[in-house]
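Reader: I'd like a close look at one part of this protein, chosen by you. Could you tell me who sits inside, who sits at the surface, and how that part fits with the rest?

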Amino acid sequence: MKVKIVDVKVGKKVREDYGDIEGLAQSIQKYGLFHPVIVSDAMELIAGERRFKAHVYLGLDEIEVKKIGELSKMEQAEIELEENIKRKQFTWQEEVRGKMFLDAIKKNIYGVAVQGHGSDGWGVKDTAMALGESVGEVSQDILLAKGIEMYPELKKEKNKTSAYKKLKRLKEQAIRAEIQKKLANVSPVESVHLGDCRKVMGKMEQEFDLIVTDPPYGVDLLSSGKEFKQYGRDDSFKD
């Protein structure tokens, strides 16, 4: 049932940090309220104060509630704590996977935002805003979720921090292994020619793989016959 916002009586609650009310409000505005707040017959708010505050933030007149009868103060506190303490939180593995899926779903619906093009699509920044978290944290969690798909053993780590560190080590090991694999197929250098390229290259008949040049930039360039003339990065092609 729906009741008037002004009719709901809000007392002091255990929760003090309400997190990102604006982000929750945007979600409610877009998708509606998934879970009604709980009130007593006397319209005292028992559980769901974040949802209630989000409605107030949006300037809504009504809110969906569930009444559970008259309760003592002790019973009200019991229900509030039951809802928050006993609610099972995601494991860190489920959390990072959920963020990856949410980001993918949003991009599938709204398209992918293109950096620097003023795109209306969805990006990691939008996912972070929707979750009320920093862009860095969400980006790292999505990267970790993708890493778990490549290295399932990461699931065994005790927390996100240790898993992310191990992911970096595994990636570095993979890069080193790939480099060693490529080097194993590289032929040894047959010859190295050192000298003035105008003289050496003219005498070379075979193909060459690499040229390392070190031109004498600005050396012995006299301006007034006595002082060296200095050239900067903005020199003209002629200079």
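Author: Let's settle one term before we start: a residue is exposed if its relative accessible area is over 50%, buried if it is under 20%, and partly exposed in between. Keep in mind too that this is a predicted model.

My pick is helix α6, which covers residues 135–150. Start with Met 150, which is found in that helix. Its relative accessible area is 55%, so Met 150 counts as exposed. Now look across to Leu 167: Met 150 and Leu 167 are 17 residues apart in sequence, and their C-alpha atoms are 9.5 Å apart in space.

Asp 141 also lies in α6, but there the picture flips. Its relative accessibility is 3%, so this charged residue is buried. Who keeps Asp 141 company? Setting aside neighbours within four places in sequence, Asp 141 is in contact with Glu 95, Val 96, Lys 99 and Lys 160. Of these, Glu 95, Lys 99 and Lys 160 are charged residue types, while Val 96 is nonpolar.

Next, step over to helix α5, where you'll find Lys 125. Lys 125 has 60% relative accessibility, so it is exposed. Its C-alpha is 8.6 Å from that of Ser 139, with their positions 14 residues apart in sequence.

Just before α5 comes a bit of ring packing. Take two aromatic rings as a pair if their centres lie within 6.5 Å, and call the pair stacked if the planes are under 30 degrees apart. The count by this rule is one aromatic pair. Tyr 110 and Trp 122 make that pair, and they are stacked because their ring centres are 5.6 Å apart and their planes meet at 25°. Tyr 110 belongs to helix α4 (residues 92–110), whereas Trp 122 sits in the loop between α4 and α5 (124–131), so the partners are twelve residues apart and link distant parts of the chain. The two differ in burial: Tyr 110 is partly exposed at 32%, and Trp 122 is buried at 13%.

How does this fit with the nonpolar packing? In soluble globular proteins, nonpolar side chains tend to be buried together. Here the largest nonpolar core has 16 residues, and Val 8, Val 39 and Ile 63 touch the most other members. At least two residues come from each of α1 (21–31), β2 (37–39), α2 (49–58) and β4 (62–67). Helix α1 gives the most, with four residues. Apart from that core lies another one, of 14 residues, including Trp 92, Val 138, Leu 144 and Ala 145. Val 138, Leu 144 and Ala 145 fall within the span of α6, residues 135–150, which brings us back to our helix.

Zooming out, the protein has eight helices and four strands, arranged along the sequence as β-α-β-β-α-β-α-α-α-α-α-α. Of its 239 residues, 24% count as buried. Among contacts with a separation of 6 or more, 59% are between residues 24 or more positions apart.

Definitions and conventions
Residues numbered from 1 in each chain as written. Predicted model: local features only at pLDDT ≥ 70, side-chain atom pairs only at ≥ 80, totals over all residues. Heavy atoms only, no water. Phe/Tyr/Trp six-rings, centres within 6.5 Å; stacked < 30°, edge-to-face > 60°. Buried < 20%, exposed > 50% of the residue type's maximum accessible area, 1.4 Å probe, protein only. Core = buried A, V, L, I, M, F, W, Y, C linked by side-chain atoms within 4.5 Å. Contact = heavy atoms within 4.5 Å.
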